[in-house]
Amino acid sequence: LHLKGTFIKFVSASGHFAAMAGKIPVSNPIVEIDGDEVARSVWKMVKEKLVIPYVDVTIQYFDLALDNRIATMDSVTVDAAAAIKKCNVGVKCSTAEIDEAMVNEKSLKKMWKTATVFDRERSLRSAGSTLRSMLEGANFRTPILVKTIPQVVPGWTKPIIVARHVYGDQYRATDIVVEKDSKYQIVITKDGAAKSYDVFNFEGSGGVAMAMYNSEEKVKGFAHSCFQHALDVKFPVYLSTKNLTLRDYDGIFVDSFQSIFDAQYKEAFDKAGIWYEHMTIDKMMSFAMRSSGGFIWALKNYDGDIQSEMVAQGFGSPELLSSLILGPDGKTVLAEVHHRASTSAETQSRGKPAINPVSCIFAWMEGLTQRAKLDGNQQLKTFAEKLEAATIETIEKGKMTKDLVVSGATGAKQAEGAFLSSEEFIDAVAEMLQDKLVRGAKIMYTLTDEAPMLATYAFLPIIRAFTQKSGIEIEVSDISVAGRVIATFPDRLPAEKVQRDELKALGDLCKTSVANIIKLPNISASTPQLRECIAELQSQGYAVPDYPEDPQSSEEKDIKAKYSALLGSAVNPVLREGNSDRRAAVPVKNYAKKYPHSMGKWAPTSKTHVAQMSEGDFYGSEKSVVIEGACEVRIELAASDGTTTVLKAKTALLPGEVIDASFMSRKHLRAFFKKEIADAKAKDVLCSLHLKATMMKISDPIMFGHMVEVFFEDVFTKHADTFARLGVNVNYGFGDVVSKIAKLPKNEAAAIEADIKACYANQPELAMVNSDKGITNLHVPSDIIIDASMPAMIRSSGQMWTPGNKLKDCKAIIPDRCYAGVFHECIENCIKHGAFDPKTMGTVPNVGLMAQKAEEYGSHDKTFEVKKPGTMRVVNSDTGAVLLEHEVEEGDIWRMCQTKDIPIQDWVKLAVTRARASGAKAIFWLD
């Protein structure tokens, strides 16, 4: 049984195979390798409590405990390696590391079957390193990220996967003690001819020497494994060596990786948006410490062993590390427990095993994942994902072994009894896993603001009533403006008022396969709305700081930066990891047809129209470029006065990524506003402005401010000094003027109000947001959001409300042609054919390109109001090449967007897939 391996199925008392109802059938076997000491018993618990009850799989068992290896002259290890290569999937328990004392105690110098040369008796090597060298390829060691485990290196936000070469070097080296007065030589024999190389003369003193080697074939296998795994996990690869010192030895690694990458993987890497680079190990070490993670670090055998321990510790715990050997064929996998078997007292607590079982669980989980991948077994894949999630959530809920308690896990207490034994932890994971399998993943329901929050009070109880008996759990997540403000300043609040950052948690969840989120509309807060929110929270006892309008100290600048992250469209770019598919559900569409909402009649004589710029807008100035290779760019202003200012020092770009830049001319924008305001007066239509100041939170408030200044030009000219003294910010809208002058003495305020009234009399009527309260279209930027305001106007016969509370035709001022054309066509259609009829209208699903902050979604940190005339440039930081440039003037608004290649490909695929599934035509709307 133990010598050659046996096919095992677990048998019930009646003698029948225990493939019980509900077990997941697995068509191909997995090789199981048992180990030594306490780890062996913990491994068995994991298998019997977390795998066998749920998975009907044939297991080929090999016992690599030290005694059995000795008894078989280690042929069992040879057989195990052969079985793994045949089945393509193996899982391995911890085995004993063999030290000098053990060699002497158990007489472990023999002609082992696993030796590569047989010139003399050699010490038995560890089972782990022996198996790795037989399987070849690479050993990928990946940190297991747990939110409640504090990281030593907090900047690492994404995993660093250490790829360790598994063949040769120190682990297959011959090391010897050299007597004095000896010469150390290396002799290479080929075709009977010997060539010797002098290494060192041990003249007056003896010493030690070591000969190590590697094979070009094995190095190439290592490269293939790294590149194939990178394509699986979508991480770039960095190889680091000491090739400047070991030009030939390490040089073969550098040359092999580069030649294989160029010939076989570059195109696939470019499509995946990842890259390969070699870096000397000392430079790479510095890079790794400064990075945010998110890459594969390829290293030679010994270097990889050391650095993987450093990386694991940096992420919080050396016990939270998974280990996977991937063969050069890209499909043969051995998932192993990375730590060695131990007999020390630390492995026992209260008479029970107390080692951390997480690595054992992950070895089984990754083995099952690979089996599922090779067999196309989706059910098994889902089970493995739930096993992984159950393990991590168990720790995050405070149930853990002693090593994690000692590491300072959040909420953990180091008192006796506060930690679990190995079996208790496995039982806790089993309970969590069972819950996940029975109940399924949670549905996350978001709490937001205003009207959607009111709807939640009515709707959420209904959802809970429907799901209560079905075992589906509904969990609420607060991503309202208030909730996000509270989560931003935990250090200023007492413990009972602290809220976790729910938006970040949902953003992380969106990148997993278990994400199931009902996301309600949320406010994209303007600065005035944010200030109102802060004041309301402060009135309820939340000691959040005031919003600093003009920050002076470093603390105030830090506070404003934190608040700025909450402004505008701050939620959607985090949650929209994928592209969108927006469609009316069939029952909803049928209801709308049966009970149509009101639609105002359109008259052929309607004067309503769209006004758009003909030059100087974003549309007219756009330039773009496709990035060929991974690089970093900087954004700078080369001013006409000879100075160069770097506005954004670093933006990382991937191969195939599209970047574009455009600008809005201040001069042309203000001239356009002035012309259209006069035209509205002449045509006797309402004047209305429609922008997207929430999503485009940098550029559009500035444009809004220009409209306010132009419309109330006489007022701003006459009272410029007073407005400067009051700190009026036109980007907040005319409402900021109204609120600021209210603080003036009555006589002074009355004089300005009289001038405002005169301005209203001389200019065209402004469309109103709330005519009862005197709130105009120009009061607050976030009151007029184009994708809400324009459809509402079209539904109301193309009319908006006057100050006198009547509907009237209007001029819709939409400066940028990127938006304007759509609404122009709708209005012209309604004038010609009448109002749209919900009873007969079809439906047009929309597949939107927005994944990974595509296009304008990611432009906020790359949008600038130009301070000096000159040239705005996007420059490749490595080569100095100018990729994009525009001649600009002071006050122009310039922005750059970026769209990764993978989201574009996914957008096309999603559109075509959904069109085929629904029978609709696919129209790609490009210009």
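## Exercises on strands, cysteines and a buried arginine

Strand β26 (residues 609-611) lies alongside β35 in the parallel sense, the two being paired over three bridges. That pairing is a good place to start working through this predicted model. Each exercise below comes with a solution in steps.

### Exercise 1: The neighbours of β35

Task: Work out which strands pair with β35, and in which sense, starting from β26.

Solution.

Step 1. Begin with β26, whose pairing with β35 is parallel. Within this pair, His609 has Lys811 of β35 as its bridge partner.

Step 2. Move on to strand β31 (residues 686-689), which also runs parallel to β35 and is joined to β35 by four bridges. Here you can pick out Ser688, standing opposite Ala812 in β35.

Step 3. Now look at strand β34 (residues 799-801): its pairing with β35 is antiparallel and counts three bridges. Met800 is found opposite Lys808 of β35.

Step 4. Follow the chain from β34 to β35. The two make a hairpin with five residues between them, and in the turn Asn805 has a positive phi of about 70°.

Step 5. Finally, ask how β35 sits in the fold. Strand β35 covers residues 807-813, and six of its seven residues are buried, so the rest of the structure largely encloses β35.

### Exercise 2: A second enclosed strand

Task: Describe the surroundings of strand β38 (residues 870-876) and find the residue with positive phi in its hairpin with β39.

Solution.

Step 1. Check burial: six of the seven residues of β38 are buried, so this strand is largely enclosed by the rest of the structure.

Step 2. Take the partner β28 (residues 631-639), which pairs with β38 in the antiparallel sense over seven bridges. Ala638 stands opposite Thr871 of β38.

Step 3. Take the partner β39 (residues 882-888), antiparallel to β38 over six bridges. Val875 has Val882 in β39 as its bridge partner.

Step 4. Inspect the link between β38 and β39. It is a hairpin with five residues between the strands, where Gly880 adopts a positive phi near 80°.

### Exercise 3: An open sheet

Task: Give the order of the strands in the three-strand open sheet, and explain which stand at the edges.

Solution.

Step 1. Read the order across the sheet: β23-β22-β24, with parallel pairing.

Step 2. Identify the edges. Both β23 (474-478) and β24 (517-518) have a single partner strand, so each has one side without a neighbour in the sheet.

Step 3. Confirm one of the pairings. Strand β22 (residues 443-447) pairs with β24 in the parallel sense over two bridges, and the bridge partner of Met444 is Ile517 in β24.

### Exercise 4: Cysteines without a bond

Task: How many disulfides does the model contain, and why is Cys93 not bonded to Cys360?

Solution.

Step 1. Recall what is being sought: a disulfide is a covalent bond between the sulfur atoms of two cysteines. The cut-off for counting one is a sulfur pair within 2.5 Å.

Step 2. Apply it to Cys93. Its closest cysteine sulfur belongs to Cys360 and is 5.6 Å away, which is too far for a bond.

Step 3. Apply it to Cys687. The nearest cysteine sulfur is that of Cys810, at 9.5 Å, and Cys687 is in no disulfide.

Step 4. Write down the total: the count is zero disulfides.

Step 5. Add the setting of the two residues. Cys93 is buried, with 0% relative accessibility, and Cys687 is likewise buried at 0%.

### Exercise 5: Arg371

Task: Is Arg371 buried or exposed, and which residues away from its sequence neighbours does it contact?

Solution.

Step 1. Locate Arg371 in helix α10, which spans residues 358-375.

Step 2. Compare with the cut-off for burial, under 20% relative accessible area. Arg371 has 3%, so it counts as buried.

Step 3. List the contacts, leaving out neighbours within four places in sequence: Val26, Asn28, Pro29, Ile30, Cys87, Val89 and Leu380.

### Exercise 6: The chain as a whole

Task: Put the local features into the setting of the protein chain, with its 927 residues.

Solution.

Step 1. Count the elements: the chain has 30 helices and 40 strands.

Step 2. Consider burial and surface. Of the residues, 49% count as buried, and the chain exposes about 44,200 Å², with carbon and sulfur atoms supplying 53% of that area.

Step 3. Turn to contacts with a separation of 6 or more: 77% of them join residues 24 or more positions apart.

Step 4. Finish with extent and charge. The C-alpha atoms fill a box of roughly 105 × 75 × 55 Å along the principal axes, and the mean positions of the 112 positive and 118 negative charges are 4 Å apart.

How values were computed:
Residues are numbered from 1 along each chain as its sequence is written. This is a predicted model: local features need pLDDT of at least 70, side-chain atom pairs count only at pLDDT 80 or more; totals for chains, interfaces and linings use all residues. Side-chain values use heavy atoms; hydrogens and water are left out. Buried means under 20% relative accessible area, exposed over 50%, partly exposed in between (1.4 Å probe, protein chains only). Contact means heavy atoms within 4.5 Å. Accessible areas come from the Shrake-Rupley method with a 1.4 Å probe; for residues, only the protein chains shown count as cover. Lys and Arg count as positive and Asp and Glu as negative; His and the chain ends are not counted. The place of a charge is taken as NZ of Lys, CZ of Arg, CG of Asp or CD of Glu. Two strands pair if DSSP finds at least two bridges between them.
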